[in-house]
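User: Could you take a close look at the salt bridges in this model, starting with one pair, and then connect them to the helices and strands around them?

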Amino acid sequence: MFAVIYIPNFSLQAVLRGDPAGDAPVAMVDGESSKPLVIEVNSSALAAGVETGLTANQAMARCGNLRLKSRSDPCETSATEILMQVAYHFSANIEATARGTCTLELKGLSLEAETAQRAWGIKILDSLATFQLAGQMGFARTTELALLAAQVAQPILVVQNLTEFISVLPLSVLAPPLAIGNILDLWGIETVGAFIALGRDAVAERLGEEGLELFNSVLTDSARPLKLVTPPEFFTEQIEFENEVETLDPLIVVLRRFLLQLTRRLTVIHLVTGELILEFGLASGEKIQRVFKVPAPTNDVEILCRTLRTYLETLQTTAPIVFLSLAIRATQLQGHQFGLFETTLRNPNQFSETAARLAALCGAGRVGVPVIEPTHKPDSFRIEMPRFDATTPGRKIRWETNQTALRRFRPVVPAVLDFREQKPIFIRSQLLAGNITNTRGPFVSSGQWWNLDRWGREEWDIQTVAGVHLRVFRSTDGDFIEGIYD
Amino acid sequence: MSDASIQLRALLAEKFPGMATQLHETSAVSPPVWPVQLSSLAANWPNELAKGALTEVVCAGVNTGSAGLMQALLVCGARENQIIGVVDGSDSLDVAQLDPNVLSRLFWVRCRSVPEALKAADLMLRDNNFSLVLLDLKLNPQSHLRKIPATIWYRLQRLIEKTSTVFVIFTPCLLVKATRQRVMLSSFI
C-alpha cells in the first residue's frame, strides 16, 4: 500500500508561503519566456476567470486586482524540504517523486483500515498546513494509482475499488500526449474508466506504444520500488527580495518568520537548533555569511531572534540586501540539571547575547575571559570567549594575601625620570610630578631578541614625596608609568 | 488608622505585591548576604556583602588597598565557583597577578569611559548569570563621575533587587545614592 502527498499549484504555494495573499487573486507567470503565460492560479483567480495558458495581459484584463508572481527557486527548494521532512516524520520510506509530490510506503505502519489511513492522512496534511502548504493525499495499492488519487482527492482519497475509482476519473489526470488526447477526445472518451474499457490489445493496436504505456500506468499490477531518500538534517529558508532592503526592520520581520517556520520543522522531528547560518546576498554581488552557535540548543524563537538581532544591529553592508537565507543545523536537545554547587551558566543563551552586546559596546577583544600569554613580557594576555561550563570545581587557587596589587595604566603614561647614581630621583608626567623618596629596582627584563618584536626594559617601584607608589620603567621608547599600587 | 491610609496600603499592596507596607513587615527577614571574611586580612575590609543590593567601596586617596580588596573578592568568588563579572571602568585590572583558575571564572569588560562602564554594568546585571559583579570606577576622573545622574544608581538597584547578585562598586569618592552597604577604605600608609 502506498500514499502520495500532492501539493497542487506547488510553485505558487511555495512563493505565497513567504507572502501570504489571503483571499486575493494571484497568478503565477512563467517569467522566462518573452511573452509570460499564466502557469498556476489560486482559487480566487480561478473564480475570477483567470486560467492557465493566458498571457499576463489577458489575465489582468479578466481580473483587475490580480497579483502576478514569478517562480522562485529558493522558495521551491524550501517548500520541497518541508514536504520531505514532514513526510519523513510519518514514514521512513519516502520518495521525492516530483516537484510537490512525495510518495510514502505504508509497509509496517499498521494502516490497513481505511479509517486509519484517513486519520493518518489528516495528521500529515495538518502538519503541512502549519507551514502554509495545502496538500492532498491519495492511498492505493500502487504508486501510480495513489498519485492519480492524490491529484483528484478532496483532500484525502482512498482507492478501495479500482473500477469504481477510474470510472469517474477524468482522462486529463493521466496527462496523455497531445496526439493521443485529441484522438480519445474525438472518440468521446472522457474518463479513465472508458479508456480502460477499450481493452489492452485494442489500445496497443490503435494507439501504439504510447497508448499502451498510458494504459499500463493505470492497470499495472506490480508496485514499483521507491527511490528512497533521507531528508538532510539541515533546514533552510530563503527569499529573494523583490525590492532591495536597506533597513533593519524588514529583515527582522522576515527572519522572525523564517525562525518560526524552521523551528516548527525541527519540532516535528523532535530536534532543536544547534547552529544558525545567516547569509546575505548584496546588490553588488557580494555575499556575507555568519554562523551563530547556540550555546544551549533551543527552539525558542525569541531567543534565536535576539541572537540575530544583536548581530544585525551592528551590521553595515556596502550595498542593499537582495537575498536572504537562514539555515539551521539541528541537534538533539541536551538536558541539564543544576547542581547544588552550581558552576555553570543559568541561561547560556542569555549570556551569549549579553556577551555579544558587550562586544558591540566596548569592541571585540575587550570583552571575555583573560588568558595569560606564555611570555615574560609584562601585561601580555589575550581575550577569549568564555566556556564557563568547561571549568571544574574544587581547584586550588593561589593567592598571596600580602602582595600589593597594581592598577595598570593602559596605555602606559609617558614620563620623564631624572636619575642620580642610576636611580630615579625625580618624576614628571601628566599625572604627577615630584621627588622620589624611595625606590626598588632596577628589575631588568627582555625577550624575543630573536625577532622584530624584541623588547627590553628596566623597571622600578617608586614612592613619590606625596606617598604615591608607582611602577615605572625605561625602555628604548622612553620612560613610562606602568601603573599605580593601590 | 484612617480609611485613607488603609486604602492607600491596599492599593500599594495590589500594585507592588511583596512590598512591605507596614513597619513590622520590614524587620521580619534579614536581607541576604555573601560572607567573605576578609577583615582578617585588613581591618577595614568587609566580612559580608549584601546580595541583591548595591555596595559601594569608597577608596578616597592613594594606597587604600582597593585593588587588593578587588583581587580578594575575585579569589573568594572563584573559590566558590561563582561566575564573576568585572566592569573595568578604566581598563586597569592587572590580570597577570591573578591565578589562572580565577581568570577562568572571570568575565572581564574593559571599558574606556564612565558611560561605557555604566552601560556594560547595566547589561551584566540584566543578564542574571553572574553571582558577583564588580564595577571599578576608581581611576575614572571624578569630574566624569560627578556627572552620573542619581537615577542611574536607582535603576541599577532596581535591576538587582530581585536577584541574588552581589554588586560592588569601587569609587574614588562618595557617589552611589541607592547603596545598602558602604565600605570606606582609607590610606593604610
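Analyst: In this predicted model, the side chains of A:Glu302 and A:Arg256 come together in a salt bridge, with N and O 2.8 Å apart. This pair links distant parts of the chain, for A:Glu302 belongs to helix H12 (residues 301–312) of chain A and A:Arg256 to helix H11 (residues 248–268) of chain A, 46 residues apart. Both partners are partly exposed: A:Glu302 has a relative accessibility of 40%, and A:Arg256 has a relative accessible area of 31%.

A second pair in chain A joins strands. A:Arg329 forms a salt bridge with A:Glu275, and the closest N and O atoms are 2.6 Å apart. Because A:Arg329 lies in strand E12 (residues 321–331) of chain A and A:Glu275 in strand E10 (residues 272–282) of chain A, the pair ties together parts that are 54 residues apart in sequence. Here the surroundings of the two partners can be stated separately: A:Arg329 is partly exposed, at a relative accessible area of 40%, whereas A:Glu275 is buried, at 18%, a value that falls under the 20% cut-off for buried residues.

A third pair lies within one helix. A:Arg118 and A:Glu114 meet through their side chains in a salt bridge of 3.1 Å, N to O, and both residues sit in helix H5 (residues 114–129) of chain A, four residues apart, which is about one turn of the helix. A:Arg118 is partly exposed, with a relative accessible area of 31%, and A:Glu114 is also counted as partly exposed, at 30% relative accessibility.

Beyond such pairs, the model contains a network of salt bridges that includes residues of chain A and chain B, among them A:Arg366, A:Asp379, A:Arg408, A:Arg410, B:Asp91, B:Asp94 and B:Arg110. Other members of this network include A:Arg457, A:Glu459, A:Asp461, A:Arg471 and A:Glu482. Over all chains, the count of salt bridges comes to 38.

Two of those network members can be placed on strands by their residue numbers. A:Arg471 falls within strand E19 (residues 469–475) of chain A, and A:Glu482 falls within strand E20 (residues 478–485) of chain A. E19 and E20 pair in the antiparallel sense over six bridges, and in this pairing A:Leu470 stands opposite A:Ile484 in E20(A). The two strands belong to a barrel in chain A, where six strands close in the order E15-E16-E17-E18-E19-E20 with antiparallel pairing. From one strand of the barrel to the next, the twist averages 45°.

Helix H11 of chain A, which carries A:Arg256, also takes part in covering another helix. What covers the buried residues of helix H1 in chain A includes H11, together with strand E2 (26–29), strand E3 (38–41), strand E4 (67–70), helix H4 (73–90) and strand E9 (234–245). Eight of the eight residues of H1 (residues 10–17) are buried, so this helix is largely enclosed by the rest of the structure. Its buried residues include A:Phe10, A:Leu12, A:Val15 and A:Leu16, and also A:Gln13 and A:Arg17.

Strand E7 of chain A gives a comparable account of burial in a strand. Five of the five residues of E7 (residues 136–140) are buried, so E7 is largely enclosed by the rest of the structure. A:Gln136, A:Gly138 and A:Ala140 point one way from E7(A), A:Met137 and A:Phe139 point the other way, and all are buried. Strands of a sheet pair through backbone hydrogen bonds, either parallel or antiparallel. Strand E1 (residues 2–6) of chain A runs antiparallel to E7(A) and is joined to it by five bridges, with A:Phe2 opposite A:Ala140. Strand E8 (residues 156–158) of chain A pairs with E7(A) in the parallel sense over three bridges, and there A:Met137 stands opposite A:Ile156.

At the surface of chain A, a nonpolar patch of about 400 Å² is made by A:Ile183, A:Leu186, A:Trp187 and A:Leu198. A:Ile183 lies in helix H8 (residues 178–187) of chain A and is partly exposed, with a relative accessible area of 33%.

Chain B, which contributes B:Asp91, B:Asp94 and B:Arg110 to the network, has seven helices and eight strands. Of its 189 residues, 55% are buried.

Note on methods: Residues numbered from 1 in each chain as written. Chains lettered and ligands numbered in written order. Predicted model: local features only at pLDDT ≥ 70, side-chain atom pairs only at ≥ 80, totals over all residues. Heavy atoms only, no water. Salt bridge = Lys/Arg side-chain N within 4 Å of Asp/Glu carboxyl O. Buried < 20%, exposed > 50% of the residue type's maximum accessible area, 1.4 Å probe, protein only. Patch = residues over 30% accessible without salt bridge, like charges linked within 9 Å, V, L, I, M, F, W, Y side chains within 5 Å. Areas by Shrake-Rupley, 256 points an atom, 1.4 Å probe, with all protein chains shown as cover. Contact = heavy atoms within 4.5 Å. Pairing = 2+ DSSP bridges. Axes fitted to C-alpha atoms, helices over the stretch in contact; angles between N-to-C directions.
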